[in-house]
Amino acid sequence: MAAHRRPRQRPFGGGGTARTAFTVVLAGAAGATGFSGTGVAAPELTPAQVKAKVDRLYREAEVATEKYNGAEEKATKAADRLDGLQDEAARRTDRLNSERDALGSLATAQYRDGGIDPSLALLLSSDPDRYLDGAAFAERAGSRQASTVARVRSQLRDIERLRGAAHVELTALEAHRADLKRHKKAVTGKLGEARRLLSRLPEADRARIGADDPDTARASRAGSAPRGLGAGSSTAAPDSRAAAAVSYAYGKLGSPYVWGATGPDAFDCSGLMQAAYRSAGIELPRTTYAQIDAGRRVSRSELRPGDLVFFYSGISHVGMYVGNGQMVHAPNPSAPVRVAPIDEMPFAGATRVV
């Protein structure tokens, strides 16, 4: 998270007049008292109070982030379905146009023949046997024409059905995009408020709010597992794919948290889980509330490395269990991907993907 510097205060000097200074002071006094006569300014928040408010804002932003991720996933699927329907409608329209061209050629030929009565044409023909052969061909051609007409009608119905389905998908896509816009506004608003609160603190206090414990901080900088975790844990991963996912998560220690990100250089909490298991050949859903149903539920006492652990009643945060009561997770914009105890947040459940 970028550091925010306190704006420098300009002195009243440097070209300003005494009248200007007096006006500024008066305005400040009016703002502090609200002309209520009390003269009591809002108390400054302590670092602990700021941390509590920032933590709450981060949790609310994470809820909105997961809703954004879900809307984005739905929008992507709706756009893919819409593209497929439009492509199929275009292919069928091309075939329809070919059938129409064939019907047009038959109609033109009949018009040129003039529609002469068959019995009269037979009497006037200089070669009745040849005429009869031609008449049989014309009858077969008429049968083929009827079949072509039937195909054209069927294709018209199919195209109308495809267009109707495409309209439904377009409506859904527009709704998902509206959801994206709303959730993005909520996320950016919460994160902006958190940044404003943090910017009021001295740099040392800001650093402490997002700091890891010393062991985890060293692991984050080194990009490797702290001793006693992962491969050296007392509990092994259930299979090679879970072990590969754990290894990927450890390899991303120190990567920044960016809401909506799925790697390879930045992540949000569910984005890190999705990227880790994708590296092991397993595709997870995008959101925490879908990921919790992506495997077999396990109890807290059954946890093994690679299991996904979820937090808060709304299933708004997820990490990857790595053994010894620890997880790797992407916490919030104040802290990078790191190792943390699963006890630091309200535990909501766990899933074993493999």
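Guide: Buried means under 20% relative accessible area, exposed means over 50%, and partly exposed lies in between (1.4 Å probe, protein chains only). This is a predicted model: local features need pLDDT of at least 70, side-chain atom pairs count only at pLDDT 80 or more, and totals for chains, interfaces and linings use all residues. Residues are numbered from 1 along each chain as its sequence is written, and side-chain values use heavy atoms, leaving out hydrogens and water.

Visitor: What percentage of the 354 residues of the protein count as buried?

Guide: The chain folds into nine helices and six strands (DSSP runs numbered from the N terminus: H or I of at least four residues, E of at least two). Of its 354 residues, the buried share is 36%.

Visitor: Is Ser316 buried or exposed?

Guide: Ser316 sits in the loop between strand E2 (308-311) and strand E3 (317-323). Its relative accessible area is 6%. Because that is under 20%, Ser316 counts as buried.

Visitor: Which residues does Ser316 touch, leaving out those up to four places away in sequence?

Guide: A contact needs heavy atoms within 4.5 Å. By that rule the partners of Ser316 are Glu62, Val63, Glu66, Cys269, Thr288 and Phe311.

Visitor: Which helix gives the most to the lining of the largest cavity?

Guide: A cavity is a set of points on a 1 Å grid over the protein atoms alone where a 1.4 Å probe fits but cannot get out; lining residues have an atom within 4 Å of a point. The largest cavity holds about 40 Å³, the space filled by probe spheres set on the points. Its lining includes Tyr58, Trp259 and Pro331. Four lining residues come from helix H2 (residues 47-113).

Visitor: Which element gives the most residues to the largest nonpolar core?

Guide: Such a core joins buried Ala, Val, Leu, Ile, Met, Phe, Trp, Tyr and Cys residues through side-chain atoms within 4.5 Å. The largest has 28 residues, of which Tyr277, Leu308, Met320 and Val328 touch the most other members. Helix H7 (240-251), helix H8 (269-279), E2 and E3 each give two or more residues to this core. With six residues, the top contributor is H8.

Visitor: How many residues does the second, separate core have?

Guide: In soluble globular proteins, nonpolar side chains tend to be buried together. Here a second, separate core includes Val54, Tyr58, Ala61 and Ala194. Its residue count is twelve.

Conventions. On a 1 Å grid over the protein atoms alone, a cavity is a set of points where a 1.4 Å probe fits but cannot get out, and a pocket is an open set with protein on both sides within 12 Å along at least five of seven lines; lining residues have an atom within 4 Å of a point.
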